[in-house]
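Colleague: I am new to this structure and would like to know what stands behind the terms used for it. Please show it to me, and then I will ask.

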Amino acid sequence: MAEVCVLGLGYVGLPTASVLATAGFQVLGVDVNPKVVEQLNSGKTLLKETGLATLVSAAHKSGNLVAAVKPEASDTFIICVPTPVTPDHGVDLRAVEAAARAIAAVVKPGNLVILESTSPVGTTRNVVGRILSEHGLAPGQDVHLCYCPERVLPGNTIAELINNDRIIGGFTRESAEHAQEIYARFSQGNVALTDDLTAEMSKLMENTFRDVNIALANSFARIAEDAGVNVWEAIQLANRHPRVQILSPGPGVGGHCIPVDPWFFVQAFPKHTELLKKAREVNDTQAERMLDRLAATGDLPAGSKLALLGAAYKANIDDPRESPALRMAHAATARGFRVSVHDPHVEPATWEGVPIGAELGACLKDAAAAVLLTEHTAYRALSGRVFAEAMQGRLILDTRNWLNHASLRLSGFKVLVLGRPA
Ligand code: SAJ
């Protein structure tokens with residue numbers, strides 16, 4: 001019998017299940033996708049994350065980790081399934097509900113159920129707890145129930161899983177103390193115990209804080225462009241103040257967390273979230289603004305080709321989902337431009353209707369303009385010659401202040417930089 005059953009073997013659940021297995025727990029990993037289960041049962045993963053393949057292989061070899069499509073009896077259940085937002089910014093909790101129903105059939109009195117998925121305040125007790133109650137298991141009486149948010153940074157997941165501080169929100173104090181014993185077996189960070197509602201709220205606050213602060217940086221970039229100031233230098237100088245830490249402006253906010261989580265607040269508390277909504281709007285309109293800026297040069301003929309560099313949502317990772325590049329590709333296509341997207345890390349394929357390639361020359365070929373969207377290390381040293389040899393036009397927009405501008409100018413390019421006057 002498993003000691004811990006982890007539901008959802010994605011970017012959070014798989015590393016969590018593997019770390020628990022290597023810490024000596026008997027772990028059952030559950031995923032609704034049979035391919036994921038098959039992969040894990042042969043010690044492999046298709047997810048790309050630093051150190052994950054080695055960790056999964058070690059967990060498999062330890063004999064402590066097996067996978068299945070359905071949960072079985074276990075002492076502890078950890079739910080790590082996705083909680084996306086719908087196109088109209090509603091919250092989609094179907095995966096959490098399905099996971100809770102699946103475990104309700106096998107949970108026994110005295111077991112511990114933990115929700116890790118980022119969720120609206122109240123989900124642990126009102127969704128997971130309610131489903132358990134419907135099966136005759138009252139949270140706090142028959143079963144322990146907790147909310148323990150994952151807080152790992154994609155690209156550095158394994159190190160952060162082990163080293164980050166952990167918040168454990170118990171429906172009761174006893175539930176929290178019970179969960180603490182599990183996390184203490186692998187976590188080297190400090191553990192703070194609280195209740196489930198507070199833990200849910202603080203997780204949403206973390207990502208909302210980042211979104212609003214990125215919107216602030218983007219607003220400063222807009223002001224700087226009009227004021228004739230280089231925002232990058234101004235931010236660096238402002239950040240010398242001991243109590244100021246302004247983030248970096250950019251082409252918008254991607255990923256599955258920061259652009260999503262503020263909506264959990266907005267949906268539930270519309271009266272108190274004007275600032276959050278405005279921040280979302282600022283970050284989401286960066287792509288259109290950049291196209292306006294390119295068009296204003298007069299160097300972008302109708303129907304010409306735009307080369308977009310960097311499809312991943314942030315530097316040096318392989319994940320393009322909900323990235324500023326895809327948003328910009330759709331916006332540019334809607335304006336009648338042809339678009340080609342390159343990324344050195346992303347698997348060449350069509351993502352959200354946008355083909356992404358790994359050949360830089362092919363992406364730049366005959367383009368009227370190029371836009372740098374992700375600050376991948378591989379782009380840092382590109383010389384103006386690389387662009388000039390392939391492109392037809394001589395227009396570059398750098399949204400991350402990342403490229404070698406002197407070299408580009410030497411090759412005859414007009415270089416626009418986000419947050420810097422023309
Ligand atoms: N970005 C900027 N300017 C900045 C920093 C980031 O434009 O100064 C952009 C990035 O380019 C990217 C987006 O924001 O498009 C998000 O990237 P990120 O590195 O800030 O965050 P994520 O989404 O990879 O991970 C976040 C993390 N949350 C916080 O740092 C508060 C992580 O710890 C969470 O576990 C994760 O969300 C999650 O799963 O919630």
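Modeller: A salt bridge is a side-chain nitrogen of Lys or Arg within 4 Å of a carboxyl oxygen of Asp or Glu. By that rule the structure holds 21 salt bridges. Keep in mind that this is a predicted model.

Colleague: What makes Glu116 and Arg166 a salt bridge?

Modeller: The closest N and O atoms of Glu116 and Arg166 are 3.2 Å apart. The cut-off is 4 Å, so the pair of Glu116 and Arg166 counts as a salt bridge. The two residues lie in distant parts of the chain, 50 residues apart: Glu116 is in the loop between strand S5 (112-115) and helix H5 (123-134), and Arg166 is in strand S7 (residues 166-170).

Colleague: Why are Glu116 and Arg166 called buried?

Modeller: Buried means under 20% relative accessible area. Glu116 has 1% and Arg166 has 5%, so both residues of this pair are buried.

Colleague: How do you know that Glu225 and Arg289 meet in a salt bridge?

Modeller: The N to O distance between the side chains of Glu225 and Arg289 is 4.0 Å, and the rule asks for a distance within 4 Å. This pair also links distant parts of the chain, with Glu225 in helix H8 (residues 196-227) and Arg289 in helix H12 (residues 286-296), 64 residues apart. Arg289 has a relative accessible area of 34%; partly exposed covers what is between under 20% and over 50%, so Arg289 is partly exposed.

Colleague: What separates Glu389 and Arg385 along helix H16?

Modeller: About one helical turn, because Glu389 and Arg385 are four residues apart in helix H16 (residues 384-390). Their side chains meet in a salt bridge at 3.5 Å, N to O. Exposed means over 50% relative accessible area. Glu389 has 61% and Arg385 has 56%, so both are exposed.

Colleague: Which residues are linked in a network of salt bridges?

Modeller: The network links Asp211, Arg280, Asp284 and Arg327.

Colleague: How many disulfides does a search of the whole structure find?

Modeller: The search finds zero disulfides. Cys5 is in no disulfide, and the nearest cysteine sulfur, that of Cys80, is 10 Å away. A disulfide needs two cysteine sulfur atoms within 2.5 Å, so Cys5 and Cys80 do not qualify. Cys5 has a relative accessible area of 0% and is therefore buried.

Colleague: What makes a set of residues a nonpolar core, and which residues have the most contacts inside the largest one?

Modeller: The members must be buried residues of certain kinds, Leu, Met and Phe among them, joined through side-chain atoms within 4.5 Å. The largest such core has 57 residues, and Leu294, Met328, Leu364 and Phe387 have the most contacts inside it. Helix H13 (residues 324-334) gives the most to this core, with six residues. Leaving aside neighbours within four places in sequence, Met328 is in contact with Ala287, Met290, Leu291, Leu294, Leu308, Val371 and Leu373. Another core lies apart from the largest one; it has 36 residues, among them Val113, Val128, Ile167 and Phe264.

Colleague: Into which domains is the protein divided, and what separates their centres?

Modeller: The protein is divided into domain 1 (2-195) and domain 2 (286-417). Their centres, taken over C-alpha atoms, are 38 Å apart. The contact takes five residues from domain 1 and seven residues from domain 2.

Colleague: How much area do domain 1 and domain 2 bury between them?

Modeller: Domain 1 and domain 2 bury about 440 Å² between them, with 38% of it on carbon and sulfur atoms. On the side of domain 1, Tyr11, Lys48 and Pro154 supply 86% of the area buried against domain 2, more than any other three residues. The count between the two domains is one salt bridge. Lys48 also forms a salt bridge with Glu347, where the closest N and O atoms are 3.5 Å apart; that distance is within 4 Å, so the term applies.

Colleague: What is notable in the phi of Asn316 and of Asp366?

Modeller: Phi of Asn316 is near 60°, a positive value in a residue other than glycine. Asn316 sits in the loop between strand S9 (305-309) and H13. For Asp366, also a residue other than glycine, phi is positive and near 65°. Asp366 is in the loop between helix H14 (360-364) and strand S13 (369-372). Asn316 has a relative accessibility of 39% and Asp366 has 37%, so each is partly exposed.

Definitions and conventions: Residues numbered from 1 in each chain as written. Predicted model: local features only at pLDDT ≥ 70, side-chain atom pairs only at ≥ 80, totals over all residues. Heavy atoms only, no water. Buried < 20%, exposed > 50% of the residue type's maximum accessible area, 1.4 Å probe, protein only. Contact = heavy atoms within 4.5 Å. Domains from an automatic or database assignment. Buried area = accessible area lost by both parts, 1.4 Å probe.
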